[in-house]
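Dear colleague,

I am handing over the structure we spoke about, and below it you will find my notes on it. Please read them beside the coordinates and tell me where you would put things otherwise.

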Amino acid sequence: MDTILVVNAGSSSLKFEVFSVTDDLNSLLEGQMEGIGSAPHLRIKDRDGRVLAEHTHASADVPDLPSAILRVGAWLRDQHEGDLVAVGHRVVHGGPDYDRPVLVNEQIVSDLERYVPLAPLHQPHNLTAIRAVIDRRPDLPQVACFDTSFHRNHSPVTSHYAIPEHFFAEGVRRYGFHGLSYEYVAGRLREVAPSVAGGKLIVAHLGNGASLCAISGGRSIESTFGFTALDGIPMGARCGQIDPGVLLYLLQQKGMSADEVQDLLYKESGLKGLSGVSNDVRALLSSEDPRAAFALEHFVHRIGLHAGMLAAALGGLDAFVFTAGIGENSPDMRARVAARLEWLGARIDPVRNAAGALDVAASDSAVRLYVVPTDEELMIARHTMALLRGG
Ligand code: ADP
């Protein structure tokens, strides 16, 4: 049985999923190595949720991402039947040049290094994972799938900042991210809600990272993300849209270094920074601390504002779609966001919403409301298979 391994590598965790390749792709198992370099813990489950492996390693045994990949590779080789024919990677930034998934080689990986400063928390780890596989299995085809690709058809008006033009040529542009998630959801809508899939949609990817995407005719036309994955709505620990003057103040008046500002904006802001309680929406919903409630109120307020901007970009709104951890699992947060869309004619059905139905809109709602679970790994596996087959 031929299989594809999908890899999503982060700073201290490695998520992966294995798909069998026949006419279609079927998930066989998924796993995660967490706590790389500190308290490494590997957990692998089959498609029915049964635990296939659970192991805590000494930190010296899994000190970094390449060693984590070796461990996972060794487990697959020893414990899993199947012939690995390719690896698909999530790569956050494809910059201006990579507008579609690509079969990687050493040259392309070096090229993608240029975008490390644009996604400092993700890109280096994505590329380290590819290099680790090249070192071990140079024969194995690897495909890089970019979070930016789905947005690459944005108009010049959308992708420019109002700064001197030469910066655009240098790559200082509004790119947009979470593209693999949006591409998957747009495709899924064609299956489950064909009557609206080609219309004017806002998809809200509300997870630890969070953004909104305006989709028209199945294509992304606007995103709340810009040059980096800091822009737009506030996130678990990222700030979202912020007046650039605040950054000048932090640098010039507070004497913070660029690295300190980066840490503040990526790791100490958002729901975590505002609440002082947690970046986790579940923890905030169950907290008695008024700052937790305030952080959620701010989050919902900003989602409402950005949804208004995207509705303006679309020139109307046929459907609003919830996805990712918060969007898929929290009826409470969905109801709060939907309330911000009432001025557009959206009405949520409380019973359908509580049940987590696909269509959670009331029958008299002028805007359809959907909950569509995302599957970025399957999207990556599809792209990988397509490239293997020369598509
Ligand atoms: P990531 O961006 O890391 O992939 P996820 O899509 O897994 O993130 O989403 C993580 C977020 O989803 C966290 O804020 C978590 O609190 C939230 N979440 C998960 N389940 C629930 C739930 N039942 N209710 C509220 N929030 C939830």
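Helices and strands in these notes are DSSP runs, numbered from the N terminus, with at least four residues for a helix and at least two for a strand. By that count, D147 is placed in the loop between β8 (142–146) and α4 (156–159). Please keep in mind throughout that this is a predicted model.

I begin with D147, since an unreviewed UniProt entry annotates this residue as "active site". The relative accessibility of D147 is 1%, and because buried means under 20%, D147 counts as buried. Beyond its neighbours within four places in sequence, D147 is in contact with R90, V91 and V92, and also with G176, F177, H178, G179 and L180.

One of those contacts, H178, deserves a remark of its own. H178 sits in the loop between α5 (166–169) and α6 (179–192), and with a relative accessible area of 8% it is buried. The phi of H178 is positive, about 60°, although the residue is not a glycine. Most residues other than glycine have a negative phi. A324 offers a second case, for its phi is near 70°, again a positive value in a residue other than glycine. A324 belongs to helix α13 and is buried, at a relative accessible area of 6%.

The unreviewed UniProt entry also carries a "binding site" annotation, which covers N8 and E376. How far apart are their C-alpha atoms, given that they span 369 residues in sequence? No two of these C-alpha atoms are more than 9.5 Å apart, so the annotated residues gather at one spot. N8 lies in strand β1 (residues 2–9), whereas E376 is in helix α16 (residues 376–388). N8 counts as buried at 17% relative accessibility, and E376 is buried with a relative accessible area of 12%. When residues up to four places away in sequence are left out, N8 touches S13, L14, K15, R90 and E377, while E376, with its neighbours within four places set aside, is in contact with R90, L180, S181 and H205. R90 thus appears in the contacts of N8, of E376 and of D147, and L180 appears in those of E376 and of D147.

I turn now to the ligand, which is surrounded by 13 residues, the closest being N208, D280, V281, R282 and G325. An N or O atom in the side chain of D280 is 2.3 Å from an oxygen atom of the ligand. A polar backbone atom of G325 lies 2.9 Å from a ligand oxygen, and for a backbone N or O atom of I326 the distance to an oxygen atom of the ligand is 3.3 Å. On its own the ligand has 580 Å² of accessible area, of which the protein covers 70%. Two or more residues of the surrounding shell come from each of α11 (281–286) and α13 (324–329), and α13 gives the largest share, four residues. Sorted by class, the shell holds four nonpolar, seven polar and two charged residues.

When you go through the model, I would be glad of your view on two points in particular: the positive phi values of H178 and A324, and the 2.3 Å distance between the D280 side chain and the ligand oxygen.

With best wishes

Technical notes: Residues are numbered from 1 along each chain as its sequence is written. This is a predicted model: local features need pLDDT of at least 70, side-chain atom pairs count only at pLDDT 80 or more; totals for chains, interfaces and linings use all residues. Side-chain values use heavy atoms; hydrogens and water are left out. UniProt positions are given in the numbering used here, feature names are shortened, and annotations may be inferred rather than shown by experiment. Buried means under 20% relative accessible area, exposed over 50%, partly exposed in between (1.4 Å probe, protein chains only). Contact means heavy atoms within 4.5 Å. A residue is near a molecule or strand if one of its heavy atoms lies within 4 Å of it. A polar contact is a pair of N or O atoms within 3.5 Å; within protein, one must be able to donate a hydrogen and the other to accept it, and residues adjacent in sequence count only if both atoms are side-chain atoms. Accessible areas come from the Shrake-Rupley method with a 1.4 Å probe; for residues, only the protein chains shown count as cover. Ala, Val, Leu, Ile, Met, Phe, Trp, Tyr, Cys and Pro count as nonpolar, Asp, Glu, Lys and Arg as charged, and the others, Gly among them, as polar.
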